[in-house]
Amino acid sequence: MRKSSNGGDQVKLPGTRVPLEGDTVVTTPELLPSPLPLVPVSHTTLFPGMMVPFILPEGKLVKAIEHAQEHQQSYVGVILGSNPREKEIASGPSTTFTGLPAEGSVAAGFETIGADHTKIDNEFYRYGVACKILKRINLPENQVSVLVQGVQRFVLKEVVSREPMVIGRVEYLHEVLEKGTELEALLRSCLSQFKQLSKDNPLISEEVKVALVNIDGPGRLADFMASVLIRDVQDYQSFLSEVSVRTRLHHLLLLLKKELEVQTVQRKIQDDINSKITSSQRDFYLTEQLRVIQKELGRDSSERGKILDKFKARLKDKSLPPAVKERISDEFDKMAHLNEQSSEYSVSLNYLDWVTSVPWGVRTKDSQDLTRAKRVLDEDHYGLKDVKERILEYLAVKKIGDGQEAPSILCFVGPPGTGKTSLGKSIARTLGRKFFRFSVGGMRDEAEIKGHRKTYVGAMPGKLVQGFKKAGSENPVFLIDEIDKMGTGWHTGGDPASALLELLDPEQNGEFLDHYLDLTLDCSKVFFITTANTLDTIPQPLLDRMEIIPLSGYTDREKQEIAKSFLVPRQLKKHGLKPAQLKVTAPGLKVLIERYARESGVRNLEKQIARLCRKAAYRVARGVKGAAVSIVDEKSASRWLGPAIYATERSPELLPGVV
C-alpha cells in the first residue's frame, strides 16, 4: 500500500503477485483509492466484473460522480443504503430486497461465512463493491445516469465525510482461489444445478445463459449466478463479505438448492391446477356429447331434463295468467341453453323453483255453514263475543253474495295471553282455509315483505310468496303477528311498515308486485289478520287500512271457565296424566287466579297449571296412588307452588287515605 497523489491510501488491485493462502495468484492492473466516494443505492446485486446502470438524483450523488471523475480515477464505492426511502439514494434495475433476513434465508443458516452485517451509523450496510465509471449521461430534472462496472469488494470501516458528498474509508477484500479437486467439483455442481434451474424458470432469460458461457474464472461465475438468485439483503452481504471462492460456491449451492425446492413445489401446484382444469374440460365435453346422443335417441334423461320436467309437472293443474305463462316459458327456454357451470344457471334454477311453487289460480272452498262455524269458534275460545260475531258476519256476507268477499283486514289488539294468535288459527279452521303465520316483530328490511332482486346472492321472495307456497292456495288466512313491534330500517334505508301498506290495502293488493318474481300476484282473496299489544307504535296510514277489534282482559270468572274447559285438559294431555291424578277444585282455581296469576290473559295461569302437572307426574312416577296433587284452598296451593305472588286485596273502606 502507498499514498496517492491526493493524499489517500491506494490499494493494489489483483494483477501483481501477492502471497496468499493456497498459493493463490492475483493480478493488479491499477491502484484503487481509499478513502472512496460512496454511492448508496436502494437495491442491487452488483458483484465485481458486472456492469450495471444507475440513475442518480441531483445532490450529493452527482457530486460524488463528478469528484470521482476528477480526482479518484473514476472510481466510486457502490453500497446498500439501509433506508431505501431516502431521497439521496440511487436506483437501479436489480431485485428489491426485504431489508430483513427472510424466514429460512440461506444467510441465516450459513455458519461458515461469519461476516459482520451490522450497519454503519444505521445508514449503510458494511460491504460494497468499488466500481469504475464507464459512461455518464445527463437526464432531465438534473438527474444523471451512469454505467458502472464492479471491480473489487470492500468493507466500509467508517464514514470520514458527509459534505458535500459521502466519503468512506474502506478496506479492500482480495479473492482467495484455492485450486484443487474440491473446487472443480463444487463449480461443476453449481453449473449443473443452475442449468437445471434455468430450464423452467422464466426469470432466467436467454441473455443470462449466454453471459454465463462467456464468463471466466470460478469466482466470477459464482458471483454471476448468485446475482440471479439472491433476493435477501443478508444473503447479498454474506456473499460480498466472503473472499474464499470455495466458500462462496458452498453458499451458492445452498441458494440453488433452495430455489430448486421452491420451483419443484411451484411446478407441482401448477400441474395439479392444470390437471383439474383438463379434467373439468374433459368432463364437460363428454357430458355434452352424451346429452346430444341421448337426445338424438330420444332418451334425454339428463339431470337438467329431470329438473325441468319436475317444474313443468307442478304447473299442470294451475291456472296461470297470460303474463306469468309467457314469463315462465321464456325462463324455461333460457334454462335449456345455459351452461351448468355458470352462475346464471343457479339463479335461473332457483327462480323456476319458486315461480312454479306459487299456487296460481288454486283456491280452497270456504265453508258457509254458520252453525258449524259458531260451534268451532266456541270449541276453541271462551268468550270473545265481538270477535266471533265479526267472523260470522263475514261468512254471512259471503253466503248471501254468492261467494263474493267483503275485503277487510282485521287487527286484534289486546294484552299478551288473551288468545290473539290462537284466534287466527281458529278462524282458518272455521273457514276451511289454509293458515300461514309470520311475525314482523323487530323486522328492519322491507325486502322481507316485497322480496329481493333475484340477481343478488341469497335472494328470496317475500313472505307473501313463501306463505302461498306453504299454504298451497291463493286464499289462505294470513296472520301477521306483532305488527306493533316492527323496526325502522334507518341503517339500510328501508321501512317494512311502508311495504305493508300495499299488501294490506284492499284497493291495491289485487296486483301486488314481488321483486324476486317480478310478477304481480292477486292478494285480494287472502284473509289478512294482524295482532298487536298496543296501537301507539303502529303508523297511522297502516292503521287506517285495518279494522280494529280490541280484546280486553279476561275477568276472574272467565279465567275459571277457560282453565276448567281448556287449560287443565290440555296440560293433562301434554303430561300424560289422567283427570283423577290432578285434582283442582273451583276454590283452588280461584286461589290460583287471585294469588298466582293475576294478569289480563291466561298465559301465566297455564304456566302454574303446568307446574302442578309436573309435580303430579313426578309423584305418579314414584308410585303414589290416587290424586297425586290436589289444590282445594290457599294452604294446598302454597304447599305445591310456594308462597303466593300477589297479596289478597282488601276492601277500600278498610284502607285509610284511599279515595
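Me: What is the handedness of the crossing where helix 17 passes helix 18?

Reply: In this predicted model, helix 17 passes helix 18 in a right-handed crossing. The contact residues of the two helices divide into four nonpolar, one polar and five charged.

Me: Why is helix 17 called oblique to helix 18?

Reply: Helix 17 (residues 556-574) and helix 18 (residues 586-595) pack at about 120°, and their axes are 10 Å apart. Roughly perpendicular covers 65 to 115 degrees, and roughly antiparallel begins over 145. The angle of about 120° falls in neither class, so helix 17 is oblique to helix 18.

Me: Which residues of helix 17 and helix 18 meet?

Reply: Helix 17 contributes D556, K559, Q560, A563 and K564, which meet A586, L589, K590, I593 and E594 of helix 18.

Me: Why are helix 10 and helix 12 called roughly antiparallel?

Reply: The angle between helix 10 (residues 370-380) and helix 12 (residues 420-431) is about 155°, with their axes 9 Å apart. Angles over 145 degrees count as roughly antiparallel, and helix 10 and helix 12 are therefore given that description. Their crossing is right-handed.

Me: What makes up the contact of helix 10 with helix 12?

Reply: From helix 10, the residues R372, A373, V376, L377, E379 and D380 meet S426, R429 and T430 of helix 12. By class, this contact has three nonpolar, two polar and four charged residues.

Me: How do you know that the peptide bond from E163 to P164 is cis or trans?

Reply: Omega of this bond is near 0°, and the bond from E163 to P164 is cis. P164 is found in the loop between strand 9 (144-161) and strand 10 (167-173).

Me: What is notable about phi of E482?

Reply: Phi of E482 is positive, at about 55°, although E482 is not a glycine. E482 lies in the loop between strand 13 (477-481) and helix 15 (496-503).

Me: Why is E482 called partly exposed?

Reply: The relative accessible area of E482 is 24%. Buried requires a value under 20%, and exposed a value over 50%. E482 meets neither condition, so E482 is partly exposed.

Me: Where does D518 lie, and what is its phi?

Reply: D518 lies in the loop between strand 14 (512-514) and strand 15 (519-521). Its phi is near 55°, a positive value in a residue other than glycine.

Me: Why does D518 count as partly exposed?

Reply: D518 has 39% relative accessibility. Partly exposed covers the range between the limits of 20% and 50%, and D518 therefore counts as partly exposed.

Notes: Residues are numbered from 1 along each chain as its sequence is written. This is a predicted model: local features need pLDDT of at least 70, side-chain atom pairs count only at pLDDT 80 or more; totals for chains, interfaces and linings use all residues. Side-chain values use heavy atoms; hydrogens and water are left out. Axes are lines fitted to C-alpha atoms, for helices over the stretch in contact, and angles run from 0 to 180 degrees between N-to-C directions. Helices (H or I, at least four residues) and strands (E, at least two) are DSSP runs, numbered from the N terminus. Angles under 35 degrees count as roughly parallel, over 145 as roughly antiparallel, 65 to 115 as roughly perpendicular and the rest as oblique. A crossing is left-handed if the near helix is turned anticlockwise from the far one by less than a right angle, and right-handed if clockwise. Contact means heavy atoms within 4.5 Å. Ala, Val, Leu, Ile, Met, Phe, Trp, Tyr, Cys and Pro count as nonpolar, Asp, Glu, Lys and Arg as charged, and the others, Gly among them, as polar. Buried means under 20% relative accessible area, exposed over 50%, partly exposed in between (1.4 Å probe, protein chains only).
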